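The exercises below ask for a description of one structure, part by part. Try each task before reading its solution.

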Amino acid sequence: MGAAFKETKLPADAPAGHKALAWVDDRFPLSKLWNDQWGKYYAPKNFNIWYLFGSLAMLILVLQIVTGIFLTMHYKPDAALAFNSVELTIMRDVPWGWLVRYMHSTGASAFFIVVYLHMTRGLLYGSYRKPRELIWVFGFAIFLCLMAEAFFGYLLPWGQMSYWGAQVIVNLFGAIPVIGPDLSLWIRGDYVVSDATLNRFFAFHVIALPLVLLGLVAAHLIALHEVGSNNPDGIEVKDHIGPDGHPLDAIPSHPYYTTKDLFGVSMFLLIFTAVIFYAPEMGGYFLEYNNFVPANSMQTPAHIAPTWYFTPFYSVLRATTADFMYVLMAAIALYVVFVWFKSRLSFKAKAAVAAIALVLIIGMLPQVLDAKFWGVVLFGSSVVIIGLLPWLDHSPVRSIRYRPNWHMWVYVLFGLSFVALGYLGTQLPTPAYTLISQVCTLLYFSFFLLMPWWSAAGRFKPVPTRVTFHPH
Amino acid sequence: MSNEKQVDSGRRGLLVATCAAGGVVGVATAGALVSTFQPSERAKAAGAPVEVDISDVKPGEMKVVEWRGKPVWILRRTPEMLASVTKNNSLVADPNSDKVYQLDMPAYAKNEFRARAEHKEVLVTVGICSHLGCSPSSRFAEGAQPNLPDDWHGGFLCPCHGSTFDLSARVFKNKPAPANMDIPPYMFLSDNKLVIGKDEKGEA
């Protein structure tokens, strides 16, 4: 137990604000929380533009919660009323309802843009490397949570895309052998996506997932402020502590990064409001045209595609055809040979890898489990594998700045295949597109699965002991 | 002074028993919450059989009715359409519908026309793609057209992932959809009247 309670005594003529703060601080660690988490949180002084996206994600989270609360005041989670409550009541009847709705729908896309950029930053500067593995894992869980939030939320307007998108995704679970069909029935609560489904998705979207999301964001930030931020040079600023006990190359977040982040916020809001006012549908990418047609369980729209932020993973699902399974089986066999000869794993570990690969290859035979099941497995793996980065990267340096130049081209190739998958996912499937998405799927997975080798290969540049910083 | 070793085994036993009992209550409550996700009694009741009059369906035309919230197609095929089905036997993944289906495949539909022998021109199928549940669109015209092979004899195309089906709703080989579309149990009450969701064996 701590020391006995002692009231802080301030001089009688101290400002009322100071006295009030002292009174609170004696009872609740308000100043301590502020100083630990932001005010006296020392961050490296060489942050560049990539470091704006964390605080922007936080801003969008707040925007989504606030606009979401106001939308629930007019929205009706009922299959018979939902479409009109959005398209008529909120968009036309409620004063300024259209603005709140567009802020929320544009906010969803903005959230993913900012989070994808935030993750790219982590990838480029090795922000997930020891001791920041848990920051990455919590962040990855936030990403999963956001995907679920977006998916559940997209059903709520009850348009054709809402309806059929939910139908497709819920049926993904139907591909699981034995329990699949019953599982998707359980998730829907009916034989098709219906009122029961809409109601439960509403509950997940407005309360269950936001609670989880807030908890994860807190964990992400607490972990970050515990170990300290990485920086574009990927070196530890805590290795050089100044006489004041703080790292020589770090500055307190307040006021320095407060002002920098506020500049980022103003730039962001400039673009964000321009989209809200002039292009809230963003040519059918942010709000798909088919969603202006009420849900109809009798007719699938001629072209259904998920919203843009899901399409890279969705393309992986579509790329998995029966023929492609043989390519995958060959790829797995090759990978085992590669692990066997090129890794320093123990014999036991190598044998385990070979055994798992054998089970996978047998499972991929058309007589055992069909391509549909493996499509779902690959779709899930393409997301989950991102969370394993801290253990896949074996590079001796963190930042791309001190990696061999050719590493940049590996990242470029990975980025291109991710973007190509994303584009193809928005398009109708044709044989040529399927082939390209299959190639991109292989490249995507190779980036991660071969990372233990390529990330450690090549001539690394000397890493500086102090951060690179040029005062303006 | 240390209290490490002062464990009262009687109290420890009670503690374990209390935790176990609490755990049982917790699991049972979770079970109740999980069960609320199942289809409600009303949703189950809505799965009743549907009667359809098909006197207005001319040869080559299709009617869509709702059964269990899903579209059921009733297609009255022309002799040319039936001939195209036979031509496709070597091109489809499961010509005689021997795989395991979501709805038990009725024995009278296990043939190339996937229909009852006495009304083999009438195809009754759940118009839902076996891949991820989209409803394929009708592409009855023969010949080359966008998104379809050049030797197309008429059938269905799923807009979601490009699976193609013939006029017996059988999936072509090497498509995302693993199986033919489901055939619901159905029977004819008269020549132009049929009931979906029910046959001689009872309701689905």
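The exercises go from whole chains to helix pairs, then to the chain contact and single residues.

The model is predicted: local features need pLDDT of at least 70, side-chain atom pairs count only at pLDDT 80 or more, and totals for chains, interfaces and linings use all residues. Residues are numbered from 1 along each chain as its sequence is written, while chains are lettered from A and ligands numbered from 1 in the order in which they are written.

**Exercise 1. Describe the secondary structure and overall dimensions of chain A.**

Step 1. Chain A has 18 helices and two strands; helices (H or I, at least four residues) and strands (E, at least two) are DSSP runs, numbered from the N terminus.

Step 2. Chain A has a radius of gyration of 25 Å, close to the 23 Å that the globule rule gives for 472 residues, so it is as compact as a globular protein of that length. The radius is taken over C-alpha atoms, and the rule is 2.2 Å times the number of residues to the power 0.38.

Step 3. Along the principal axes, the C-alpha atoms of chain A fill a box of roughly 80 × 65 × 50 Å.

Step 4. Buried residues make up 36% of the 472 in chain A. A residue is buried if 20 or more other C-beta atoms lie within 10 Å of its own, exposed if 12 or fewer, and partly exposed in between, with C-beta atoms placed from the backbone.

Step 5. Of the contacts in chain A with a separation of 6 or more, 76% are between residues 24 or more positions apart. Two residues are in contact if their C-beta atoms, placed from the backbone, lie within 7 Å.

**Exercise 2. Do the same for chain B: what is its pattern along the sequence, and what is its radius of gyration?**

Step 1. Chain B contains three helices and 11 strands, in the order α-α-β-β-β-α-β-β-β-β-β-β-β-β.

Step 2. The radius of gyration of chain B is 26 Å, where a compact globule of 204 residues would have one near 17 Å.

Step 3. The box filled by the C-alpha atoms of chain B is roughly 95 × 40 × 25 Å along the principal axes.

Step 4. In chain B, 34% of the 204 residues count as buried. For contacts in chain B between residues at least 6 apart in sequence, 52% join residues at least 24 apart.

**Exercise 3. Classify the packing of α11(A) against α17(A) and of α6(A) against α7(A).**

Step 1. Two packed helices are described by the angle between their axes and the distance between the axes. Axes are lines fitted to C-alpha atoms, for helices over the stretch in contact, and angles run from 0 to 180 degrees between N-to-C directions.

Step 2. The axes of α11(A) (residues 311–319) and α17(A) (residues 431–449) come within 9 Å and cross at roughly 110 degrees. The two helices, α11(A) and α17(A), are therefore roughly perpendicular. Angles under 35 degrees count as roughly parallel, over 145 as roughly antiparallel, 65 to 115 as roughly perpendicular and the rest as oblique.

Step 3. On the α11(A) side the residues are S315(A), V316(A), R318(A) and A319(A), which meet T434(A), S437(A), Q438(A) and T441(A) of α17(A). The residues of this contact comprise two nonpolar, five polar and one charged. Ala, Val, Leu, Ile, Met, Phe, Trp, Tyr, Cys and Pro count as nonpolar, Asp, Glu, Lys and Arg as charged, and the others, Gly among them, as polar.

Step 4. For α6(A) (residues 133–155) and α7(A), the axes come within 8 Å and cross at roughly 135 degrees, which makes α6(A) oblique to α7(A).

Step 5. F151(A), Y154(A) and L155(A) of α6(A) meet S162(A), G165(A), A166(A) and I169(A) of α7(A). Five of the residues in this contact are nonpolar, two are polar and none is charged.

**Exercise 4. Which helices of chain A each supply at least two residues of the side that touches chain B?**

Step 1. The contact takes 32 residues from chain A and 27 residues from chain B.

Step 2. The helices are α7 (160–172), α8 (180–188), α12 (322–342) and α14 (371–384) of chain A. The largest share, five residues, comes from α7(A).

Step 3. The side of chain A that touches chain B has 17 nonpolar, 10 polar and five charged residues.

**Exercise 5. Locate the cis peptide bonds at P131(A) and P255(A) and the positive phi values of V178(A) and M282(A).**

Step 1. Most residues other than glycine have a negative phi, and most peptide bonds are trans.

Step 2. K130(A) and P131(A) are joined by a cis peptide bond with omega about 5 degrees; P131(A) is in the loop between α5 (97–125) and α6 of chain A. Another cis bond joins H254(A) and P255(A), with omega about 10 degrees, and P255(A) lies in helix α10 (residues 253–278) of chain A.

Step 3. V178(A), not a glycine, has a positive phi of about 65 degrees and sits in the loop between α7 and α8 of chain A. V178(A) counts as exposed, with 7 C-beta neighbours inside 10 Å.

Step 4. M282(A) has a positive phi near 50 degrees and is in the loop between α10 and α11 of chain A. With 15 other C-beta atoms within 10 Å, M282(A) is partly exposed.
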